[in-house]
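Please take a student's questions on this model in turn. Short answers are wanted, each closing on the value or name asked for.

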Amino acid sequence: MGIHRGHRARPLEWLAEKFIFLVSLSTILMVFLIFLFVAREALPIFFGNADTALVQKVIPPDEVDKLSPAQLREYLELTPQQFATMDKETLKSLMEVKQEALDEIPAKFRNDPDARINTTEWKYLLLPHQWSGYDKPEYIWQPVGQIQKYNIIPLLVGTLKVTLIGLLFAVPLAVGAAIYVSQLARPRVREIVKPTIELLSGIPSVVVGVFALLIMATVLQKIFGYQTRLNAFVAGCALGFAVIPVIFSIAEDALTSVPRAYTQAALALGASRWQTAWQIVLPAALPGVFAATVLGFGRAIGETMIVLMVCSASVMSWNIFDSARSITTTIAAEMAEAVSGGPHYRILFMLGALLFAATFVSNMIGGVVIQRFKLKLEGKR
Amino acid sequence: MNTINPPQYLPETPQAGRHFRAEKFDFWSFFFSGLTGLATLFILGILAVILTNIVINGWSAISWHFVSTIPKKDFFDARTTGVLPMIVGTTIRVFVMTIFVIPVGVITAIYLTEYAPNTSFVTRVIRAAVNNLAGVPSIVFGLFGLGFFINFVGKNMDALLHNPSAVWGQPALIWAALTLAVMTLPVVIVATEESLKAIPPGLREASLALGATKLETIWRIVLPQALPGIMTGGILAVSRAAGEVAPILFTGVAYYMASLPHHVTDQFMDLGYHVFVLATQSPNIEQTRPILYATVLVLLMLTFALNIVAIIIRARMRKKLRALG
């Protein structure tokens, strides 16, 4: 008995508590399921089970007896059940179909050495390859056509390019505004400015995309005078605008949570407000500002619609005034036309898994840094 | 005569007491303070430019006919087009989403604030999972919806029900809503948790002291007090979900549908996706521009109105709780 709650005394209460606990585990389950199901669709790429070679090795139908049943089944791409129901004649005619299919491929491709390779191997995903018709090895992402080229390096470069431009634009502005709002502004100004900047995060990214497409692209082109109107630079600036509220609110939070005593001591010693903010508060809040940047990076790398609307051509180039195609854009634009279960579909899922891993790591780093920072300020470390 | 001169006092300096604090004008302090102020102004300025640009351009193109018409196949024509199915589609998908996300989110928040031992391993893992879920890119949620809800749950449901053709195993309203529910789960959890934490512990202690059980206390005392906070969380989730396009791209949105969705397995048209289509697929961008702006304005009004309502509720709740505490 006693006063501590025990399940014997109140079975319903005990049940309800267990239910609440189980439901609260659903977030863990969801993170786990996301990883599992995105990775599951990408598994054949990781294990090298997908094959895109246009021209397979053809075995003449007469040699049907020379093959073991397992080899034959694999060659004809049959399931064990299908294979069991077929007699030798059917198998032979299937092999003939296969040979005829090869003959139907235009001679141009049949004699192309590229048609014989499996372009989903890691070698072709990551390293440059000299495709026929090109004079030097190149990184190419070209998933449509007879010979599909899946080199993901242009996409990685495009993603980094756009994300870094976005951060270079957003971090100084957001941190500057955070210093101003938390340290220098009058309380009344702060009360208006802070929610207004946070309202910015309520603007859907398609709307920022429309603005970038119609207004920003034209204005920036007039200022910088580059050739292509829609390029990585415009996309990066628009992206920066979408991550400003994220960086601002975390950095502002960190700066505000620095103890008042620090500020008061500095001011009493004769430092100006700016000197206090720059030499005392900012160094104390630096981990928080760093975490804000990392979390902003995670947000920027995963932003889809803005980049999708502003630029889309996949070019391998570090020039910021060229077009770029990010990972998110590629998934969004190409998933509709990818055949479910085909190599293109698998590669898009693999890119998704890559993205998930990247944001998972950046969120972890950001979260841990913030937690340590808070503990330190509370004097627990 | 040897008179004693009156003592020589220091010259009277009437202002001496007033500017002892900033004897010298510090140029760099002024310069950098101004710089941060400019950064703030710049952000506010761009926000103002975006909003006024959309409101001015959108307002002239918006009309009752525009928001109440189901468009024909060619919706790029400014005279006959309308956005009724998009408004309906977006509303239904976020409504179905709230049915799933609010109970799960609220229960999780109750566990975290009322029951969870603060230092235990499980609590820390749940918190880490909430944080991570909040940072997963929206397009990855789209892939998850396709890989899990459609290709796994939906296909298996079709197999179990012996459907001759795919009913559940294809993009549908319900799968889009569920994908969004997973995405907005952290929003609801964080907002509810915040409002639960703001309730003074005295209320709980009083209830427990009168003999109520923990569950009764939560149900009768804590939850009614936290209701505004839960509503805020729900509204923020809805406003976030209403503007998201990436997660629904592969899970249920349709480029064009002749009628409104009738069943949860139907596809639907969506405001955000329609904005994207109008902006990028139009054969004549100059002609489409007015309806593009009008559609953006409708979308913004929907999400902003919700955001402002959430901000007001939250402000009132804080004031009330301050009075209570």
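The dialogue below works through a predicted model.

Student: What is the count of helices and strands in chain A?
Tutor: Take the secondary structure of chain A, which has 381 residues. Its tally is 16 helices and 2 strands.

Student: What percentage of the residues in chain A are buried?
Tutor: A residue is called buried if 20 or more other C-beta atoms lie within 10 Å of its own. Chain A has 381 residues in total. The buried part of chain A is 39%.

Student: What share of the contacts in chain A with a separation of 6 or more joins residues 24 or more positions apart?
Tutor: Set aside pairs with a separation below 6. Of the contacts left in chain A, the part from residues 24 or more positions apart is 76%.

Student: Which helix gives the largest share of the largest nonpolar core?
Tutor: That core has 180 residues. Among those with the most contacts inside it are Ala235(A), Ala238(A), Ile247(A) and Ala251(A). The largest share is 18 residues, and it comes from residues 232-256 of chain A, helix α11.

Student: Between which domains of chain A does this core lie?
Tutor: Chain A is divided into domain 1, domain 2 and domain 3. Residues 11-46 and residues 153-377 both contribute to the core, so it lies between domain 1 and domain 3.

Student: Which residues does Ala251(A) contact, leaving aside neighbours within four places in sequence?
Tutor: Ala251(A) ranks among the core residues with the most contacts, as does Ala174(A). With the sequence neighbours left out, the partners of Ala251(A) are Ala174(A), Val175(A), Ala178(A), Gly288(A), Val289(A) and Ala292(A).

Student: How far apart are the C-alpha centres of domain 1 and domain 3 of chain A?
Tutor: The two domains do touch: 8 residues of domain 1 of chain A contact 7 residues of domain 3 of chain A. The domain 1 side of this contact has 7 nonpolar, no polar and 1 charged residues. The C-alpha centres of the two domains are separated by 30 Å.

Student: How many nonpolar residues are on the side of chain A that touches chain B?
Tutor: The contact joins 69 residues of chain A to 66 residues of chain B. Helix α2 of chain A gives the largest share of its side, 11 residues. By class, that side has 17 polar, 7 charged and, for nonpolar, 45.

Student: Is Gly45(B) buried or exposed?
Tutor: Gly45(B) sits in helix α1 of chain B. Exposed means 12 or fewer other C-beta atoms within 10 Å. Gly45(B) has 11, so the class is exposed.

Note on methods:
Residues are numbered from 1 along each chain as its sequence is written. Chains are lettered from A and ligands numbered from 1 in the order in which they are written. This is a predicted model: local features need pLDDT of at least 70, side-chain atom pairs count only at pLDDT 80 or more; totals for chains, interfaces and linings use all residues. A nonpolar core is a set of buried Ala, Val, Leu, Ile, Met, Phe, Trp, Tyr and Cys residues joined through C-beta atoms within 7 Å. Helices (H or I, at least four residues) and strands (E, at least two) are DSSP runs, numbered from the N terminus. Domain bounds come from an automatic or database domain assignment. Ala, Val, Leu, Ile, Met, Phe, Trp, Tyr, Cys and Pro count as nonpolar, Asp, Glu, Lys and Arg as charged, and the others, Gly among them, as polar.
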